[in-house]
Amino acid sequence: MKQAHTSGPWTFTDSINNKNRVTYYIGKPTTTGSATDHCVEPVGLASNSRLSLSNEECLANARLMAAAPEMLAALKGAQSALRKALPLIECPDDLTHNGTQTYCGEWLDEITEVISKATEASE
């Protein structure tokens, strides 16, 4: 199924400051931007408009959101690698592997759950 989210990479704008409040627009970079879209095709924003977040926390949120497409791709890669590796790992009772199969299986479950949470509407 076609992905429902805006493809990456994403970036974020420089902060837009207004009386100690900052806003960052997150989305695909564009060279046709105007003052209203701040050179990104916005998919979201990080703002402390109610002053409930510090400027630093707002910037960290913008960075995290902008990295979302790359993180999703990395998780899908890790999911694929773990699926391929698990059958090659010996029995979890084999002390030479110290429960590696169980540990990797738990990570695979967690990765699969997070990918599903992020993409459930599109996959």
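Helices, of at least four residues, and strands, of at least two, are taken here as DSSP runs numbered from the N terminus. On that basis the chain of this predicted model has three helices and four strands, and these elements follow the pattern β-β-β-β-α-α-α when read along the sequence. Of the 123 residues of the chain, 23% count as buried. Among the contacts in the chain with a separation of 6 or more, 40% are accounted for by residues 24 or more positions apart.

In the segment that precedes strand E1 (11-12), where Pro9 is placed, the peptide bond that joins Gly8 and Pro9 is cis, with omega at about 0°. Strand E1 itself contributes Phe12 to an aromatic pair, the partner being Tyr24 of strand E3 (residues 21-29). The structure holds one such aromatic pair. The ring centres of Phe12 and Tyr24 are 5.7 Å apart and the ring planes meet at 80°, and because planes over 60 degrees apart count as edge-to-face, the pair is assigned to that class. Since Phe12 belongs to E1 and Tyr24 to E3, the pair ties together parts that are 12 residues apart in sequence. The two rings belong to residues of unlike accessibility class: Phe12 is partly exposed, with a relative accessible area of 25%, whereas Tyr24, at 8% relative accessibility, counts as buried.

Strand E3 also holds Ile26, which has a relative accessible area of 0% and is therefore buried. The C-alpha atoms of Ile26 and Leu64 are 9.9 Å apart in space, although their positions lie 38 residues apart in sequence numbering. Leu64 is in turn one of the residues of helix H1 that make the contact with helix H2.

The loop between strand E4 (40-47) and helix H1 (55-66) contains Asn48, a residue that counts as buried because its relative accessibility is 1%, which is under the 20% limit. Two polar contacts of the Asn48 side chain can be described. In one, the side chain reaches the backbone nitrogen of Val22 at 2.6 Å; in the other, a polar atom of the side chain lies 3.1 Å from the backbone oxygen of Leu53. When residues up to four places away in sequence are not counted, Asn48 touches Asn20, Arg21, Val22, Leu53, Ser54, Asn55 and Cys58.

One of these partners, Asn55, lies in helix H1 and, with a relative accessible area of 33%, is partly exposed. Leaving aside neighbours within four places in sequence, Asn55 is in contact with Asn20, Val22 and Asn48; of these, Asn20 and Val22 also appear among the residues touched by Asn48. Asn55 is further related to Asn17, from which it is 38 residues apart in sequence and 9.8 Å apart in space, C-alpha to C-alpha.

Helix H1 packs with helix H2 (residues 68-85) at an angle of about 50°, and the axes of the two helices are 5 Å apart. H1 and H2 are therefore oblique to each other, because an angle of this value falls in neither the roughly parallel class, which is under 35 degrees, nor the roughly perpendicular class, which runs from 65 to 115 degrees. The contact is made on the H1 side by Leu64, Met65 and Ala66, and on the H2 side by Ala68, Pro69, Glu70 and Met71.

Towards the other end of the pattern, Ala118 is placed in helix H3 (residues 100-119). With 58% relative accessibility, Ala118 counts as exposed. Ala118 and Leu72 are 46 residues apart in sequence, and their C-alpha atoms are 8.1 Å apart in space.

The cysteines were also examined. A search of the whole structure finds zero disulfides, a disulfide being a pair of cysteine sulfur atoms within 2.5 Å. Cys39 counts as partly exposed, at 43% relative accessibility, while Cys104 counts as buried, at 15%.

Methods
Residues are numbered from 1 along each chain as its sequence is written. This is a predicted model: local features need pLDDT of at least 70, side-chain atom pairs count only at pLDDT 80 or more; totals for chains, interfaces and linings use all residues. Side-chain values use heavy atoms; hydrogens and water are left out. Buried means under 20% relative accessible area, exposed over 50%, partly exposed in between (1.4 Å probe, protein chains only). Rings of Phe, Tyr and Trp (its six-membered ring) pair if their centres lie within 6.5 Å; planes under 30 degrees apart count as stacked, over 60 as edge-to-face and the rest as tilted. A polar contact is a pair of N or O atoms within 3.5 Å; within protein, one must be able to donate a hydrogen and the other to accept it, and residues adjacent in sequence count only if both atoms are side-chain atoms. Contact means heavy atoms within 4.5 Å. Axes are lines fitted to C-alpha atoms, for helices over the stretch in contact, and angles run from 0 to 180 degrees between N-to-C directions. Angles under 35 degrees count as roughly parallel, over 145 as roughly antiparallel, 65 to 115 as roughly perpendicular and the rest as oblique.
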